[in-house]
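I opened this notebook to keep track of what I looked up, one topic per entry. The structure goes in here before the notes.

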Amino acid sequence: MRVDKDWELHMVSIHTHINECGTVEQLKETLTFGSIISYVVHMLRYVSHYIDFPKPLIGVINGPAVGVAVTVLGLFDAVYATDKATFHAPFSKLGQSPEGCSSYTFPKIMGTSKANEILLFNKKLTAAQACELGLVTEVFPDSTFQKEVWKKLHAYAKLPKNSLAFSKQLIRDVEKEKLHAVNAQECERLVERWLSEECMNAIMGFFAKKSKL
């Protein structure tokens, strides 16, 4: 079932809890030219779905979020997080570049200097910091997180679905073309980054350090 086409659904909530994992051996198998192109095409389509999604998107973050799980949050209509959640997009540490339209949405949401701390200088945010910057809508204690979030989701689900969809359309359509252009530009840069020696060395060094822990 395509949830974006099912108009019996008022909105969609996406629950995220990402743990960093992987090994050097897995990385070597993954970073081939064919796999890189395939992944970037998938990334382009993946982010495009968020841009074009016609109903409210609610992010529910109940743990560490890393990479694209963080960067696409700028495309959500609301984001709720447990106070134990963290947000990390260590692009330059890995020789990479921003994705998920974050090169556009993050400066717009929190200002250029704050966005640069995250996208250029690898700052990891606590839930409270992410909320203060506007990336997260509200933070709840971990002990009551599920109860509080579902209370909100049930309340939102009772709102008139066409009003929600048309209101979101008015808000999103103003910059939809810009977001697609940013997504394409970011993905083009990702291909260059992942094929570069600098990126490969940075990623291999990162995973080598992890394997020694």
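**Entry 1, surface patch.** I looked for nonpolar side chains on the surface and noted a patch of about 340 Å², made by Phe33, Ile37, Val41 and Leu195. I am working from a predicted model. Leu195 is found in the loop between α9 (176-194) and α10 (197-212). I checked how open Leu195 is: its relative accessibility is 42%, so I wrote it down as partly exposed.

**Entry 2, nonpolar cores.** Next I turned to the inside. I had read that in soluble globular proteins nonpolar side chains tend to be buried together. Here the largest nonpolar core has 45 residues. Which of them touch the most other members? I listed Ile61, Phe87, Phe106 and Ile118. Another core, of eight residues, lies apart from that one. Among its members I noted Val60, Ala78, Phe140 and Phe145.

**Entry 3, cysteines.** I then asked how many disulfides there are. The count comes to zero. A disulfide is a covalent bond between the sulfur atoms of two cysteines. Why does Cys101 not form one? The closest cysteine sulfur to that of Cys101 is in Cys187, and it is 8.3 Å away, which is too far for a bond. The cut-off used is 2.5 Å. I also looked up burial: Cys101 has a relative accessible area of 0%, so it is buried. Cys199 is buried as well, at 1% relative accessibility.

**Entry 4, a sheet.** I followed one open sheet of three strands, and its order is β3-β5-β6. The pairing in this sheet is mixed. Which strands stand at the edges? They are β3 (64-66) and β6 (125-126); each has a single partner strand, so one side of each has no neighbour in the sheet. Strands of a sheet pair through backbone hydrogen bonds, either parallel or antiparallel. I checked β5 (residues 86-88) against β6, and the two run antiparallel, joined by two bridges. Thr86 has Thr126 in β6 as its bridge partner.

**Entry 5, salt bridges.** A search of the whole structure gave me 10 salt bridges. I went through some of them.

I began with Asp77 and Lys168, whose side chains meet at 2.9 Å, N to O. This pair links distant parts of the chain, 91 residues apart. Asp77 lies in the loop between α3 (68-71) and β4 (78-82), and Lys168 lies in helix α8 (residues 161-173). Are the two partners buried or exposed? Asp77 is partly exposed, with a relative accessible area of 39%, whereas Lys168 is buried at 7%.

Then I took Lys176 and Asp173, which form a salt bridge with the closest N and O atoms 3.5 Å apart. Lys176 counts as partly exposed at 23% relative accessibility, and Asp173 counts as partly exposed at 40%.

Last I looked at Glu192 and Arg193, where the closest N and O atoms of the salt bridge are 2.9 Å apart. Glu192 is partly exposed at 32% relative accessibility. Arg193 has a relative accessible area of 13%, so I entered it as buried. Which residues belong to the network of salt bridges that includes this pair? I wrote down Arg189, Glu192, Arg193 and Glu198.

Definitions and conventions:
Residues numbered from 1 in each chain as written. Predicted model: local features only at pLDDT ≥ 70, side-chain atom pairs only at ≥ 80, totals over all residues. Heavy atoms only, no water. Core = buried A, V, L, I, M, F, W, Y, C linked by side-chain atoms within 4.5 Å. Buried < 20%, exposed > 50% of the residue type's maximum accessible area, 1.4 Å probe, protein only. Pairing = 2+ DSSP bridges. Patch = residues over 30% accessible without salt bridge, like charges linked within 9 Å, V, L, I, M, F, W, Y side chains within 5 Å. Areas by Shrake-Rupley, 256 points an atom, 1.4 Å probe, with all protein chains shown as cover. Salt bridge = Lys/Arg side-chain N within 4 Å of Asp/Glu carboxyl O.
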